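Student: I would like a close look at a single part of this structure, followed by whatever context helps to place that part within the fold. Please treat the matter as one connected account.

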Amino acid sequence: MTDRDNGLANDLGKAGTYALGDRPVRRLGYGAMQLAGPHVFGPPKDRGGAVAVLREAVARGVNHIDTSDFYGPHVTNQIIREALHPYPDDLVIVTKIGAKRGEDASWNPAFSAEDLTRAVHDNLRHLGVDALDVVNLRIMFDVSGPAEGSIEAPLAVLADLQRQGLVRRIGLSNVTARQVAEGRTIAEIVCVQNAYNLAHRADDALVDDLAAAGIAYVPFFPLGGFSPLQSTTLSGVAERLGATPMQVALAWLLRRAPNILLIPGTSSVAHLRENLAAADLMLPDAAMAELGRIAPPSGE
């Protein structure tokens with residue numbers, strides 16, 4: 001096992017930083033979704049292990065954690081508070097609203113002013129803070145992916161909560177380029193969180209447009225999510241570089257655009273260390289080109 005495999009060599013500073021509004025964060029962060037139970041519902045089997053993962057992440061330099069009170073629901077935020085409160089001054093916790101969980105673990109839209117206001121207060125209470133660093137409004141016109149439709153009404157509610165001082169910064173999730181443009185006429189948008197990885201590149205143009213505007217792009221499922229990335233090309237590049245395929249997939253995203261912030265999730269300390277070690281991996285041009293052919297850029 002190499003140092004990169006066990007994470008002993010990782011230095012998150014090598015991956016650089018990018019700003020969420022006025023808050024610079026390291027480009028390798030952590031997504032807390034997997035700290036809940038199966039299907040992101042109910043408590044984890046090992047709560048102590050979940051606490052340990054969060055503490056290890058922060059100890060290794062992570063200062064960007066992504067969460068939501070509808071993970072569990074409530075579970076991940078409660079674990080974050082147990083593990084990390086009082087929070088380090090440089091830690092930015094990003095949460096999201098716009099959905100709620102059914103008793104059958106379903107994901108359902110929650111767009112009314114009452115739903116959104118309640119969600120902000122739930123996040124405040126369970127995280128133990130007076131104001132939320134960043135709140136992403138998740139658009140749920142289609143649970144499976146972005147779908148067109150005006151986001152003015154729910155985003156206006158979130159902007160009002162920002163004016164009340166309960167939310168510091170606003171982002172968008174599961175959105176189209178048109179919805180991002182509409183959102184920017186209503187509030188300052190500091191980040192966009194959509195599905196994007198080596199094999200799913202529908203947002204190529206959006207990533208570049210946001211980079212030009214100084215807005216962070218935060219890909220969820222950077223490693224494929226519930227269907228992990230599998231590619232002989234990816235495996236071959238990883239073998240040549242002495243890395244794991246997942247480290248290569250993360251390193252590709254880091255080099256793809258300077259505004260990409262990564263939030264790979266895990267409930268394992270060993271896997272966390274492996275993910276964070278991607279900061280050490282500098283992909284050569286030839287490897288970038290080879291990996292870029294796994295899925296053609298959007299528009300081709």
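Tutor: Arg101 sits over the face of Trp107, 3.7 Å from the centre of the ring. The model is a predicted one, and the geometry described here is computed from it. Trp107 itself is partly exposed, its relative accessible area being 28%.

The ring of Trp107 also belongs to an aromatic cluster, together with Phe70 and Tyr71. Across the whole structure, a search returns six aromatic pairs. In one of them, the ring centres of Phe70 and Tyr71 are 5.6 Å apart and the planes meet at 85 degrees, so this pair is edge-to-face. The rings of Phe70 and Trp107 have centres 5.9 Å apart and planes at 90 degrees, so this pair is likewise edge-to-face. Phe70 is located in the loop between strand S4 (64–66) and helix H3 (75–84), while Trp107 is in strand S7 (residues 107–109); the pair therefore ties together parts that lie 37 residues apart in sequence. As to accessibility, Phe70 is buried, with a relative accessible area of 7%, and Tyr71 is buried with a value of 7%.

Strand S4, at one end of the loop that carries Phe70, leads to the sheet. This is an open sheet of seven strands, paired in parallel and ordered S3-S4-S5-S8-S9-S10-S11. Strand S3 (30–31) and strand S11 (216–217) are at the edges with a single partner strand each, so one side of each has no neighbour in the sheet. S11 pairs with strand S10 (residues 189–193) in the parallel sense over two bridges, and Val192 has Tyr217 of S11 as its bridge partner. Helix H5 (residues 152–163) lies across strands S5 (92–97), S8 (132–138), S9 (167–173) and S10, and runs at about 160 degrees to S9.

The nonpolar interior completes the picture. The largest nonpolar core comprises 86 residues, and those with the most contacts inside it are Tyr30, Leu54, Ile80, Val120, Leu158 and Val248. Helix H9 (residues 245–256) supplies the largest share of this core, eight residues. When neighbours within four places in sequence are set aside, Val248 is in contact with Leu234, Val237, Ala238, Ala243, Leu281, Leu283 and Leu291. A second, separate core has twelve residues, including Val94, Ala216, Val218 and Leu261.

Key
Residues are numbered from 1 along each chain as its sequence is written. This is a predicted model: local features need pLDDT of at least 70, side-chain atom pairs count only at pLDDT 80 or more; totals for chains, interfaces and linings use all residues. Side-chain values use heavy atoms; hydrogens and water are left out. Rings of Phe, Tyr and Trp (its six-membered ring) pair if their centres lie within 6.5 Å; planes under 30 degrees apart count as stacked, over 60 as edge-to-face and the rest as tilted. Buried means under 20% relative accessible area, exposed over 50%, partly exposed in between (1.4 Å probe, protein chains only). Helices (H or I, at least four residues) and strands (E, at least two) are DSSP runs, numbered from the N terminus. A charge sits over a ring if NZ of Lys or CZ of Arg is within 6 Å of the ring centre and within 35 degrees of the ring normal. Two strands pair if DSSP finds at least two bridges between them. Contact means heavy atoms within 4.5 Å. Axes are lines fitted to C-alpha atoms, for helices over the stretch in contact, and angles run from 0 to 180 degrees between N-to-C directions. A nonpolar core is a set of buried Ala, Val, Leu, Ile, Met, Phe, Trp, Tyr and Cys residues joined through side-chain atoms within 4.5 Å.
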